[in-house]
Amino acid sequence: MKTALVIMAAGIGSRFGGGIKQLEPVGPNGEIIMDYSIHDAVEAGFDKIVFIIRKDIEKDFREAIGNRMEELCAAKGVEIGYAFQEMSDIPHGFSVPKGRKKPWGTGQAVLACKDIVKEPFAVINADDYYGKEAFVKIHEFLQDYTPDRANAFCMAGFILKNTLSENGGVTRGVCKVDSDGFLTGVDETSNIVKTAEGAAVEADGNLSPIDELANVSMNMWGLTPEFISMLEEGFSVFFENMEGNEEKAEYLLPIYIDELLQEDLISVKVLETVDRWFGVTYKEDKPVVVDSFRKLIEDGIYQADLFEDWKK
């Protein structure tokens, strides 16, 4: 079964280097987080990579990673594709609201793949490190896809304590999971901070404890090709209902998936992973991420030259 990895990278700015967190080098040879994600996905069995970017950054993106990855993946028989997220790509009958300055969020980003992705696929963020285990589990799940299971999805469930930053609060989709391991709801929770006792939600200077062992979504989903049509229908409904918030409203993947869950239209299996998530949420996070990758190399999880085995 052919499977695709969709990487949401449209949030990368047109200037590379100065402060663009998705392209911050974190490996010993200048590797960025996307390098490790692609390496892990191909190792797990994914045979198609789709980058979601914007047209205005295509040239710079190809120079920074795209051209290099096309060459590496060609040797492995892995296809590379591009989809483009644009603010003007909206449902028929609507217009871009006055004052709108950015695209419409992660739901619209995935929708940009509708003419490219025809197979079961995983979705990830460009600037998150997920670990090897999650790619393996999602790929195995997607291998069971049939049209009869078009509404059977999955997500990587990370343990909250493995996703916190030492340098400030983070937003996480805290998951409600039933006894059979299926997702029943996602609660987008802002400003979760690390504490001496574990984790807490900080609001107005007050801390409310939260279960540090809870499953959280890090926007790593396993989806079917039929989901694209559902997403397109949902985007029209989003436009119909966003009156009064036209400048800032976002069509977000976890929120739409939660809506489908509440309507009992889909199932989402939670594939728990104990790998630690890394990401450069704050500038101060980068040294921690660099140290974490160095330790993974020392422990033999990765080679110092990440793609050395691909070049043989």
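**Cavities, pockets and helix packing in the predicted model**

By class, the residues lining the second largest cavity comprise six nonpolar, one polar and one charged. This lining is formed by Pro120, Phe141, Leu142, Tyr145, Arg149, Ala152, Leu223 and Thr224, and the space enclosed amounts to about 40 Å³. The structure analysed here is a predicted model, in which two cavities of 30 Å³ or more were counted. The largest cavity has a volume of about 90 Å³. Its lining consists of Leu164, Ser165, Glu166, Asn167, Arg276, Trp277, Phe278, Gly279, Asp285, Val288 and Val289. Strand E13 (278-279) and helix H7 (286-298) are the elements that give two or more residues to this lining. Five nonpolar, three polar and three charged residues make up the lining of the largest cavity.

Open pockets were also identified. The largest pocket has a volume of about 940 Å³. It is lined by 33 residues, of which Thr106, Asn125, Asp127, Asp128 and Asn219 are the closest to its centre. Two or more lining residues are given by each of helix H3 (106-111), strand E7 (170-177) and strand E11 (215-223). The lining of the largest pocket divides into 13 nonpolar, twelve polar and eight charged residues.

The second largest pocket, with a volume of about 210 Å³, is lined by 13 residues. Gly234, Val237, Tyr251, Tyr256 and Glu259 lie nearest its centre. Helices H5 and H6 each supply at least two residues of this lining, and the largest share, five residues, comes from H5. By class, nine residues of the lining are nonpolar, one is polar and three are charged.

H5 (residues 227-240) and H6 (residues 253-262) also pack against each other, at an angle of about 95° and with their axes 11 Å apart. H5 is therefore roughly perpendicular to H6. In this contact, Phe227, Met230, Leu231 and Gly234 of H5 meet Leu253, Tyr256, Ile257 and Leu260 of H6. Seven of the contact residues are nonpolar and one is polar, with no charged residue. Gly234 and Tyr256 thus recur in the two descriptions, as members of the helix contact and among the residues nearest the centre of the second largest pocket.

Aromatic pairs number 23 in the structure. One of them joins Phe61 and Tyr82 in an edge-to-face arrangement, with 6.3 Å centre to centre and 90° between the planes. Phe61 lies in helix H2 (residues 58-74) and Tyr82 in strand E3 (residues 79-84), so this pair ties together parts that are 21 residues apart in sequence.

Technical notes. Residues are numbered from 1 along each chain as its sequence is written. This is a predicted model: local features need pLDDT of at least 70, side-chain atom pairs count only at pLDDT 80 or more; totals for chains, interfaces and linings use all residues. Side-chain values use heavy atoms; hydrogens and water are left out. Axes are lines fitted to C-alpha atoms, for helices over the stretch in contact, and angles run from 0 to 180 degrees between N-to-C directions. Helices (H or I, at least four residues) and strands (E, at least two) are DSSP runs, numbered from the N terminus. Angles under 35 degrees count as roughly parallel, over 145 as roughly antiparallel, 65 to 115 as roughly perpendicular and the rest as oblique. Contact means heavy atoms within 4.5 Å. Ala, Val, Leu, Ile, Met, Phe, Trp, Tyr, Cys and Pro count as nonpolar, Asp, Glu, Lys and Arg as charged, and the others, Gly among them, as polar. On a 1 Å grid over the protein atoms alone, a cavity is a set of points where a 1.4 Å probe fits but cannot get out, and a pocket is an open set with protein on both sides within 12 Å along at least five of seven lines; lining residues have an atom within 4 Å of a point. Grid points are joined across faces, edges and corners, and a volume is the space filled by probe spheres set on the points. Rings of Phe, Tyr and Trp (its six-membered ring) pair if their centres lie within 6.5 Å; planes under 30 degrees apart count as stacked, over 60 as edge-to-face and the rest as tilted.
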